[in-house]
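Work through the exercises below with the model open. Try each task before reading its solution.

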Amino acid sequence: MPSSARDNDEPKSYTAAWIAALLLIVAFVIGLLIYPPLYDAPKHEPSSFTLFIGRFHPIILHLPVGALGLLCLFELICSTRRGEDKFGEASLLILVVGAAGAVMAVMAGIMLSREGGYVGGNFTLHQTMGILGTVGVLLALVVRIVAMGRESMELLNAYRALYFISFGIMGLGAHFGGNISHGNKFLTEHAPAFIKEPMIAIEKWMLSFVEKPKAEPEPKPEPETAPKAEPKAEPKTEPSTTPNTPAPTPTAAPTSGEKLVFQHVILPVLTAKCNKCHGEEKSKGDLRMDTYVMAMKGGENGKNFVAGKLDESLSIARILLPDSDDEHMPPEGKDQLTPEEIALLKWWVQQGASGTQKVSGATFPAELKATVEGILKG
Ligand code: HEC
């Protein structure tokens, strides 16, 4: 019996493994306390240290992918007594390396998210499942060390179940991370139909838990007059440097027949496709486009929308750059404008980039009527 040889050995205590596991758990908890996962735009400008480390996320994540992937093979071998005797300690070492990689990848990922613009279903699932998977792997590590100390095959099996589940969660979570940088279609685009359809269905189903229904709860301008002091979602955050008093934001004034081209047709497009990065919470390139005044004022380089002049309007220019260009907006991998939305923005600039023009008085190009209707309906 192979165990007779072991009986003579002193029971192993796996001190080094315990120290490694505890250090990892403590580091993870402290890391999460310092950098709690956020699901909204960060409130403070991140330090350059945060941003510097964050950019390593896409490199670091290969460590847990490799180590934990390899561990799957090792754990299959270890599922027999013989396998465990031969490879149990090697598995433990790989598990420690993989868990350390997962902790580092999560922390760098959270720091990366401080750059802003990381919102939406893919991000929510990626961050949540990445953290959950890592917690699972750390727990699994503890269970494995206990199981090895007690030489308990049952506990080892429990460990393996926990490990494979955690690995699965992490892998799925990683997939949504891929979607963030490559777009949702990246993996499925060239897949054969019998794989593609179920994959898209599962993905949609998972995203449906975290994504709000498309119709933004844009407080419909009451058809009645607006006597109530509507608790408008106006900037109640830190008094930003930007004056928003002079903004001709006639949201409350017009009756439903008096919708404005900028406010009700153009702004919703900017809100959906640009203002996660160019809004109240984040203003990349110093550019905010959440009110007419700010959109016209522009960012670092000004001249964001120049009435009648497409080629002088920086936003239009950057929208029209090829996707692969570093200056293309929205940045590669983010939700892109549709051709109709681009045409609409160009039309608006060409015919004066007005902030007061009424929908009823505007002549939209025929081919854009349907798009405009769609936007007006919300
Ligand atoms: C995911 C974040 C993100 C989204 C979404 C996004 N941008 Fe940007 N944008 C940036 C960053 C970061 C910069 C600053 C770096 C640079 O200039 O490329 C920037 C800069 C700009 C600038 C240059 C401002 C200046 O004055 O230098 C313009 C114009 C611009 N964006 C327009 C847009 C438009 C229009 C959209 C929507 C169609 C959009 N962006 C969507 C991240 C984003």
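**Exercise 1. Write down the order of elements from the N terminus, then count helices and strands.**

Step 1. The elements run α-α-α-α-α-α-α-α-α-α-α-α-α-α from the N terminus on. Step 2. The protein has 14 helices and 0 strands. Helices (H or I, at least four residues) and strands (E, at least two) are DSSP runs, numbered from the N terminus. Step 3. Note the origin: this is a predicted model, where local features need pLDDT of at least 70, side-chain atom pairs count only at pLDDT 80 or more, and totals for chains, interfaces and linings use all residues. Residue numbers start from 1 along each chain as its sequence is written.

**Exercise 2. Find what share of the protein is buried, and what share of the contacts joins residues 24 or more positions apart.**

Step 1. A residue is buried if 20 or more other C-beta atoms lie within 10 Å of its own, exposed if 12 or fewer, and partly exposed in between, with C-beta atoms placed from the backbone. Buried residues make up 30% of the 378 residues. Step 2. Two residues are in contact if their C-beta atoms, placed from the backbone, lie within 7 Å. Among contacts with a separation of 6 or more, 70% join residues 24 or more positions apart.

**Exercise 3. Place Gly 101: which helix holds it, and is it buried or exposed?**

Step 1. Gly 101 sits in helix H6 (residues 81–113). Step 2. Gly 101 is buried, because it has 21 C-beta neighbours inside 10 Å. Step 3. Leaving out residues up to four places away in sequence, Gly 101 touches Ile 60, Leu 63, Pro 64 and Ala 67. Step 4. Leu 24 is 77 residues away along the chain, and its C-alpha atom is 9.9 Å from that of Gly 101.

**Exercise 4. Describe how H6 packs on H7.**

Step 1. The axes of H6 and helix H7 (residues 121–150) come within 10 Å and cross at roughly 155°. Axes are lines fitted to C-alpha atoms, for helices over the stretch in contact, and angles run from 0 to 180 degrees between N-to-C directions. Step 2. H6 is therefore roughly antiparallel to H7. The classes are: under 35 degrees roughly parallel, over 145 roughly antiparallel, 65 to 115 roughly perpendicular, the rest oblique. Step 3. The contact residues divide into 12 nonpolar, 8 polar and 1 charged. Here Ala, Val, Leu, Ile, Met, Phe, Trp, Tyr, Cys and Pro count as nonpolar, Asp, Glu, Lys and Arg as charged, and the others, Gly among them, as polar.

**Exercise 5. Do the same for H10 and H14.**

Step 1. The axes of helix H10 (residues 261–273) and helix H14 (residues 369–377) come within 9 Å and cross at roughly 85°. Step 2. That angle makes H10 roughly perpendicular to H14. Step 3. His 264, Val 265, Pro 268 and Val 269 in H10 meet Val 372, Ile 375 and Leu 376 in H14. Step 4. By class, this contact has 6 nonpolar, 1 polar and no charged residues.

**Exercise 6. Locate the backbone features at Tyr 14, Glu 151 and Pro 330.**

Step 1. Most residues other than glycine have a negative phi, and most peptide bonds are trans. Step 2. Tyr 14, in the loop between helix H1 (2–8) and helix H2 (15–34), has a positive phi of about 55°. Step 3. Glu 151, in the loop between H7 and helix H8 (153–182), has a positive phi of about 50°. Step 4. The peptide bond from Met 329 to Pro 330 is cis, with omega near -15°.
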